[in-house]
Amino acid sequence: MFAPPSPSLPRALPAEHRERLMATAREVSFPPGTRLFEEGARADRFWVIRTGTVELDMRVPGRRALVIERLGHNELVGWSWLFHPHVWHLGAEAATPVRAYEFDAASVLALCEEDAGLGREITRWVGEVVAHRLHSSRVRLLDLFGPYGAGAAV
C-alpha cells in the first residue's frame with residue numbers, strides 16, 4: 001500500500017516561519033501510557049514528536065478505545081486546535097516513551113493573526129497533514145471492508 005509521506009515540520013514550513021513557530025515551543029516528555037488528550041475535550045495545544053510513538057484512538061461504545069493511527073518522529077499530533085470548535089476529534093496516548101515539542105494553541109494563533117504569511121503556512125501545513133491522514137484512513141478502510149486488495153495502490 002502506498003501513502004505519501006506525512007508533511008513534517010522541517011519540510012512543511014519555510015525557515016523563517018519554522019523559526020518563529022519553534023520560538024514558542026517547549027520540550028516535553030511522556031512515559032508510555034500517558035494520555036495527551038481525550039476525544040471531546042478542549043483542544044488547546046499540539047505537539048511535534050521528536051522521538052517515540054503516539055497512538056491516535058477513538059471511542060467505540062461498549063469497547064476499549066480503537067487505535068486508528070500511530071505517529072512517530074517529526075509528525076504533528078493534534079490539529080483540532082486550529083479549527084472551530086477547537087475540540088479533539090480523537091484521543092491520543094504515548095505508546096512508547098515520547099519526547100516532543102509542545103505548542104500552546106493560543107500563542108500560535110496569536111502569531112498567525114499578527115503575521116498573515118505565517119498563518120497561511122501553518123494552515124497549509126496542518127491542512128496537508130489532515131489530507132494525508134484522511135487518505136490513509138480511506139485506504140485502511142478499503143483494506144478492511146472492501147474486496148480483497150481494494151486499498152492497494154495500482
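Q: Why is Asp57 called buried?
A: Asp57 has 7% relative accessibility, and buried means under 20% relative accessible area, with exposed over 50% and partly exposed in between (1.4 Å probe, protein chains only). The value for Asp57 is therefore in the buried class. A word on the background: this is a predicted model, where local features need pLDDT of at least 70 and side-chain atom pairs count only at pLDDT 80 or more, while totals for chains, interfaces and linings use all residues. Residues are numbered from 1 along each chain as its sequence is written, and side-chain values use heavy atoms, with hydrogens and water left out.

Q: What makes the Asp57 and Arg35 side chains a polar contact?
A: The distance between them is 2.6 Å. A polar contact is a pair of N or O atoms within 3.5 Å; within protein, one must be able to donate a hydrogen and the other to accept it, and residues adjacent in sequence count only if both atoms are side-chain atoms. The pair of Asp57 and Arg35 is listed as such a contact.

Q: Which residues surround Asp57, and where does Asp57 lie?
A: Asp57 sits in strand E4, residues 54-58 (strands, E, are DSSP runs of at least two residues and helices, H or I, of at least four, numbered from the N terminus). Leaving aside neighbours within four places in sequence, the residues in contact with Asp57 (heavy atoms within 4.5 Å) include Glu39, Val67, Leu90 and Ala92.

Q: How do you know that E3 and E6 pair?
A: Two strands pair if DSSP finds at least two bridges between them. E3 (residues 45-51) and E6 have two bridges, in the antiparallel sense, so they satisfy that rule. Trp47 has Val77 as its bridge partner in E6, and Val48 has Leu76.

Q: What makes E3 and E8 a pair?
A: Six bridges join these antiparallel strands. One of the partnerships is that of Arg45 with Asp104 in E8.

Q: Why are E1 and E6 called edge strands?
A: Four strands form an open, antiparallel sheet in the order E1-E8-E3-E6. E1 (26-30) and E6 (76-77) each pair on one side only. Helix H3 (residues 105-114) lies across E3 and E8 (98-104), at about 55° to E8; that angle is taken between N-to-C directions, from 0 to 180 degrees, with axes as lines fitted to C-alpha atoms, for helices over the stretch in contact.

Q: What makes Glu121 and Arg124 a salt bridge?
A: Their N to O distance is 2.8 Å. A salt bridge is a side-chain nitrogen of Lys or Arg within 4 Å of a carboxyl oxygen of Asp or Glu, so this pair qualifies. Both residues are in helix H4 (residues 116-145), three residues apart, which is about one helical turn.

Q: How do the two partners, Glu121 and Arg124, class by accessibility?
A: Glu121, with a relative accessible area of 19%, is buried. Arg124, at 33%, is partly exposed.

Q: What other salt bridge does Arg124 make within helix H4?
A: Arg124 also meets Glu128 at 2.9 Å, N to O. These two are four residues apart in H4, about one turn of the helix. Glu128 is partly exposed, at 32%.

Q: Which residues form a network of salt bridges?
A: Arg26, Arg42, Asp44, Arg45 and Glu102 are joined into one network by salt bridges that share partners. One of the salt bridges in the structure is Asp44 with Arg42, at 3.4 Å, N to O. Arg42 counts as exposed, because its relative accessibility is 61%. The structure holds 14 salt bridges.

Q: How many aromatic pairs are there, and what makes Phe37 and Trp47 a stacked one?
A: There are eight. Phe37 and Trp47 have centres 5.8 Å apart and planes at 15°. Rings of Phe, Tyr and Trp (its six-membered ring) pair if their centres lie within 6.5 Å; planes under 30 degrees apart count as stacked, over 60 as edge-to-face and the rest as tilted. Both values meet the rule, so the pair is stacked.

Q: Why are Phe37 and Trp88 called stacked?
A: The ring centres are 3.7 Å apart and the planes are at 15°, so the stacked label applies. Phe37 lies in strand E2 and Trp88 in the loop between E6 and strand E7 (91-94), so the pair ties together parts 51 residues apart in sequence.

Q: Which class do Phe37, Trp47 and Trp88 fall in, buried or exposed?
A: Phe37 is buried at 7%, Trp47 at 2% and Trp88 at 5%. Together with Phe30, these residues form one aromatic cluster.
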